[in-house]
Amino acid sequence: TSSAAVALEKDCAGGDESLPYSTLPDLYTVTKVAAEQRVRAQNGERMLTVSLRPGGIYGPGERGQLLAPAIRMMRGGEPLTILGDGLSRLDYTFIGNLVDAHLRAAERLVHGSPVAGAAYFVMDGQPMNHGEFMRRQLEAAGAVPRIRHIPAKVAWALAELSEQAHLRFGRKPVLTRAQCRTCLYDFYFNIDAARRDLGYVPISTDEG
């Protein structure tokens, strides 16, 4: 299991697996790139490998990544925060879609298959703004969130200050530059290769 973050750059929107690896310096991206490269390098006679690149994973069993923290913040009186103009889009992957992609990849992981040694983006195929995604999740859970918008320039400044405070005082950053990139860039990908080689047919984010 890799991550779509391995190809995150400003101009990645709508791209496919031919995109180069990301050069962004945050540790999540750096380590995900290194891990995928090592796994793919092992593909050969003794071992066959395939790397699947999901977007933000959500669904049954999720503990503390997306929905639960948002509900806790709402209960504490905090609004749902949207960074920027709310127009940027990114990919999400319903856990059922990701499990299905893994099973399909495993079935096809044989010598001579195009799957061996490859990497695939596996998303719902319905990119949307992070704030819109969270609003839909919360409303589906029976909550009606208040919305707060933070301009992009303010978000970047807050992230910079938050990271400096972390380095100086050890406090967990409230916002990071990596999170700003994810929420302010268009960060979605083409899943045609997975459809072609894995027979991948995801359910939509709305259905998920």
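Start with burial across the whole protein chain: of its 208 residues, 41% count as buried. Keep in mind that you're looking at a predicted model. Switch on a surface and you have about 11,600 Å² of accessible area, 55% of which belongs to carbon and sulfur atoms.

Now go to cartoon view. You should find seven helices and six strands, and following the sequence takes you through α-β-β-α-β-β-α-β-α-β-α-α-α. The radius of gyration is 18 Å, close to the 17 Å from the globule rule for 208 residues, so the chain is as compact as a globular protein of that length. Line the view up with the principal axes and the C-alpha atoms fill a box of roughly 55 × 40 × 30 Å.

If you like contact maps, open one here. Among contacts with a separation of 6 or more, 79% are between residues 24 or more positions apart. Then colour by charge: there are 24 positive and 23 negative charges, and their mean positions lie 7 Å apart.

**Stop one: V6**

Select V6, in the segment before α1 (27-41). Buried or exposed? V6 is buried, because its relative accessibility is just 1%, and the cut-off for buried is under 20%. Show its surroundings and, leaving out residues up to four places away in sequence, you'll see V6 touching P20, Y21, S22, K32, V33, E36 and R53. K32, V33 and E36 carry numbers that fall in the α1 range, 27-41. Pick R53 out of that set and draw a C-alpha distance to V6: you get 8.1 Å, for two residues 47 apart along the chain.

**Stop two: E62**

Next, jump to E62, which sits in the loop between β2 (56-58) and α2 (67-75). Where does its side chain go? It reaches the backbone nitrogen of L66, at 3.0 Å. Beyond neighbours within four places in sequence, E62 is in contact with L67 and A68, whose numbers fall in the α2 range, 67-75. This glutamate counts as buried, because its relative accessible area is 18% and the limit is 20%.

**Stop three: G86**

Finally, move along to G86, in the loop between β3 (80-83) and β4 (92-94). How does G86 score on accessibility? At 24%, G86 is partly exposed, since that class runs between 20% and 50%. To finish, add G125 to the selection and draw the C-alpha distance: G86 and G125 are 39 residues apart along the chain and separated by 19 Å.

Methods:
Residues numbered from 1 in each chain as written. Predicted model: local features only at pLDDT ≥ 70, side-chain atom pairs only at ≥ 80, totals over all residues. Heavy atoms only, no water. Helix = DSSP H or I, 4+ residues; strand = E, 2+ residues; numbered from the N terminus. Buried < 20%, exposed > 50% of the residue type's maximum accessible area, 1.4 Å probe, protein only. Polar contact = N/O pair within 3.5 Å; in protein donor to acceptor, adjacent residues only side chain to side chain. Contact = heavy atoms within 4.5 Å. Rg over C-alpha atoms; globule rule 2.2 N^0.38 Å. Areas by Shrake-Rupley, 256 points an atom, 1.4 Å probe, with all protein chains shown as cover. Lys, Arg positive; Asp, Glu negative; His and termini not counted. Charge placed at Lys NZ, Arg CZ, Asp CG, Glu CD.
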